[in-house]
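Q: Please take a close look at a single side chain in this predicted model, and then describe the sheet and the cores that the model also contains.

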Amino acid sequence: MANVAIVGTQWGDEGKGKIVDLYTEKADIIARFQGGNNAGHTLVVKGRKTILHLIPSGILHDNKICIIGNGVVFDPAVFLQELDELREGNLLPPNTKLFISEKAHLIMPYHRSIDQAREARTSDKKIGTTGRGIGPAYEDKVSRTGIRVGHLYDEDLFIEMLRHSLEEKNFLLTHFFKEKPLDAKEIADQYLGYAQKIKPFVADTSLMLDQEIKRGKKVLFEGAQGCHLDIDHGTYPYVTSSNTVSANASCGTGVGPNAISKVVGICKAYTTRVGEGPFPTELNDAIGDHMQRVGQEFGATTGRKRRCGWLDMVLVRQAVRVSGINALAVTKLDVLTGLEKIKICVGYKSPSGDYTHAAPASLKTLSECQPVYEEFDGWKEDILYAKEMNELPANARKYLKRLEELAEAKIILASVGPGREETIILEDPFLNRI
Ligand code: IMP
């Protein structure tokens with residue numbers, strides 16, 4: 001039996017939520033390994049739309065273990081709110097258990113304040129973050145001034161760490177950003193209150209995963225964002241603050257890399273991006289509007305309109321390489337229905353050379369790149385009800401075949417509509433061990 005990691009191959013928003021939800025049926029454990037509530041996984045179950053930002057999408061299924069791993073930055077207020085909403089909607093199955101790593105770092109109120117103040121101040125250089133405090137929380141983790149979930153249970157230590165950190169943060173907030181200072185006592189009371197509420201969920205999730213894997217349980221590692229938002233491999237600095245590639249499924253949950261036997265890359269049939277940063281195949285025309293409107297391309301976290309463009313295989317090939325992707329799940333193919341012609345970007349041309357398998361690291365060079373396209377005839381038929389590849393129009397099949405060839409990774413799933421049922425499933429990633 002395989003353990004499977006799921007990662008995005010583009011700039012996030014590839015439709016991972018739906019695929020994770022589908023694969024959850026086959027898994028015993030679903031573990032998130034990076035990011036925080038900057039993510040937004042939109043799921044449509046029984047016609048009801050649910051957006052989860054922090055809790056793994058697996059929570060909607062019964063008899064599962066859901067884990068928020070040590071690599072996640074954890075906002076307890078968001079966690080408790082999501083949990084309440086799930087309870088109110090009667091969406092929490094009776095036998096599913098949820099755990100938070102004691103080593104996950106807390107997102108503190110000053111992280112949010114700094115994130116937002118920084119973005120407001122540097123309007124010409126802003127990243128377009130989600131404003132949830134993700135970057136500043138990871139900064140503290142790396143600079144060794146972060147506070148972990150486990151620290152909440154040693155009250156004196158927690159207060160000491162908070163005071164120490166806040167001294168510096170308040171200096172930054174007041175003197176540099178000209179914002180109001182935050183109050184240590186208020187934050188301590190708030191967070192110690194959260195601590196009691198989240199206590200039943202806090203655990204050594206690395207040890208738990210190890211024990212469950214040894215018992216033969218199947219794990220689904222749920223990535224957030226996408227390869228090109230990766231702090232190392234993305235379009236830096238227009239990226240998020242964690243490693244979004246599959247290798248972090250290991251570091252971010254505390255299992256060895258050999259525990260991850262298959263990597264499924266999620267690839268939307270076109271490209272989108274939220275926030276600032278380069279986007280070679282962006283379309284500022286009627287076709288881009290079509291993708292945005294039909295694909296309902298609004299950020300699940302911030303509600304911002306997503307920028308849209310043609311499928312960019314330079315990006316997808318790079319993602320296949322850096323994440324060791326063995327199989328692809330193609331999403332939102334139905335959004336392309338009705339377009340006369342469809343293009344795939346197969347490379348970039350620039351004054352400094354051609355690029356086919358990797359985007360140039362220099363943003364200046366990338367901005368000079370012109371996409372090279374292959375053009376395909378579109379299809380008009382409704383594909384929502386297709387359950388097999390041969391029920392798709394010939395032109396849709398051609399498009400997918402070319403995508404597969406260019407990616408050098410096999411397509412094992414194609415999503416043709418938002419619902420669970422609107423999916424062509426070719427292979428179960430949990431069955432084949434490579
Ligand atoms: P941050 O993660 O909030 O720091 O934002 C950094 C960049 O990542 C911004 O361009 C965000 O729009 C983008 N980003 C963060 N999370 C997601 C996501 O889940 N989907 C798409 N873009 C995201």
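A: A polar contact is a pair of N or O atoms within 3.5 Å; within protein, one must be able to donate a hydrogen and the other to accept it. In this predicted model, the side chain of Q318 makes such a contact, reaching the backbone oxygen of H233 at 3.4 Å. Q318 belongs to helix α10, which spans residues 313–323. Its relative accessibility is 9%, and Q318 therefore counts as buried, since the cut-off for that term is under 20%. Beyond residues up to four places away in sequence, Q318 touches H228, H233, H357, A358 and A359.

Turning to the sheet, ten strands form an open arrangement of mixed pairing, in the order β9-β7-β5-β2-β10-β1-β11-β15-β19-β20. At its edges lie β9 (202–203) and β20 (423–425), each of which pairs on one side only. Helix α7 (residues 205–214) packs on this sheet and touches β2, β5, β7, β9 and β10; the direction of α7 makes about 145° with that of β5. Strand β19 (residues 410–415) pairs with β20 in the antiparallel sense over three bridges, and I425 in β20 is the bridge partner of L413.

As for the cores, the largest nonpolar one has 58 residues, of which F221, L333, L336, L392 and Y399 touch the most other members. Helix α12 (residues 394–407) supplies the largest share of this core, six residues. Outside its neighbours within four places in sequence, L392 is in contact with L333, I383, A386, R397, L400, V416 and I424. A second, separate core of 53 residues includes I187, A188, Y191 and I412.

How values were computed. Residues numbered from 1 in each chain as written. Predicted model: local features only at pLDDT ≥ 70, side-chain atom pairs only at ≥ 80, totals over all residues. Heavy atoms only, no water. Pairing = 2+ DSSP bridges. Helix = DSSP H or I, 4+ residues; strand = E, 2+ residues; numbered from the N terminus. Contact = heavy atoms within 4.5 Å. Axes fitted to C-alpha atoms, helices over the stretch in contact; angles between N-to-C directions. Buried < 20%, exposed > 50% of the residue type's maximum accessible area, 1.4 Å probe, protein only. Core = buried A, V, L, I, M, F, W, Y, C linked by side-chain atoms within 4.5 Å.
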